[in-house]
Amino acid sequence: MPNIKSAVKRMHSNAKKAEINSLVSGAMKTAIKKFEKEVANGNKEEASNNLNIALQRIDKAVVSGLVHKNKAARLKSRLTKMRNSME
């Protein structure tokens, strides 16, 4: 436990940020998995809906700084390619 007041504040703020970061990254990963599941099942309509949600979650992760923009572009490209290959 830190003794300095600013270190205590930093510890609390870091804990809050870590919780928010885990929620955002978890939501992104879950959305991607849901989309991939629908692609595997062959549900085009559900896959399209889940693709939109996954892309939104990826963009939110980029804005919050959890994912680099190039990684996000790569993920979005792969997911879109998966969706387009269903047709």
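Is Lys-29 buried, partly exposed or exposed?

## Lys-29 in helix H1

In this predicted model, Lys-29 is partly exposed, its relative accessible area being 49%. The cut-off explains the assignment: a residue counts as exposed over 50% and as buried under 20%, so a value of 49% places Lys-29 in the partly exposed class.

Lys-29 belongs to helix H1, which comprises residues 5-41. Its C-alpha atom lies 11 Å from that of Leu-75, although 46 residues separate Lys-29 and Leu-75 in sequence.

## Packing of H1 against H2

Two packed helices are described by the distance between their axes and the angle between them. For H1 and H2, the axes come within 8 Å and cross at roughly 155°. Angles over 145 degrees count as roughly antiparallel, and H1 and H2 are therefore roughly antiparallel to each other. The crossing of H1 past H2 is left-handed.

On the H1 side, the contact is formed by Val-24, Ala-27, Met-28, Ala-31, Ile-32, Lys-34, Phe-35, Glu-38 and Val-39. H2 contributes Glu-46, Ala-47, Asn-50, Leu-51, Ile-53, Ala-54, Arg-57, Ile-58, Lys-60 and Ala-61. By residue class, this contact of H1 with H2 contains 13 nonpolar residues, five charged residues and one polar residue.

## A salt bridge between H2 and H3

Side chains of opposite charge can pair when their charged atoms come close. The model contains one salt bridge. Asp-59 pairs with Lys-76, and the closest N and O atoms of the two are 2.8 Å apart. Asp-59 lies in helix H2 (residues 44-63) and Lys-76 in helix H3 (residues 69-85), so the salt bridge ties together parts that are 17 residues apart in sequence.

Both partners fall in the partly exposed class: Asp-59 has a relative accessibility of 36%, and Lys-76 has one of 26%.

## Arg-83 in helix H3

Helix H3 also holds Arg-83. Its relative accessibility is 13%, and because buried means under 20%, Arg-83 counts as buried.

With residues up to four places away in sequence left out, Arg-83 touches Phe-35, Lys-44, Ala-47, Ser-48 and Leu-51. Among these neighbours, Phe-35 of H1 and Ala-47 and Leu-51 of H2 also take part in the contact between those two helices.

Terms used
Residues numbered from 1 in each chain as written. Predicted model: local features only at pLDDT ≥ 70, side-chain atom pairs only at ≥ 80, totals over all residues. Heavy atoms only, no water. Salt bridge = Lys/Arg side-chain N within 4 Å of Asp/Glu carboxyl O. Helix = DSSP H or I, 4+ residues; strand = E, 2+ residues; numbered from the N terminus. Buried < 20%, exposed > 50% of the residue type's maximum accessible area, 1.4 Å probe, protein only. Axes fitted to C-alpha atoms, helices over the stretch in contact; angles between N-to-C directions. Parallel < 35°, antiparallel > 145°, perpendicular 65-115°, else oblique. Left-handed = near helix turned anticlockwise from the far one by under 90°. Contact = heavy atoms within 4.5 Å. Nonpolar A, V, L, I, M, F, W, Y, C, P; charged D, E, K, R; others polar.
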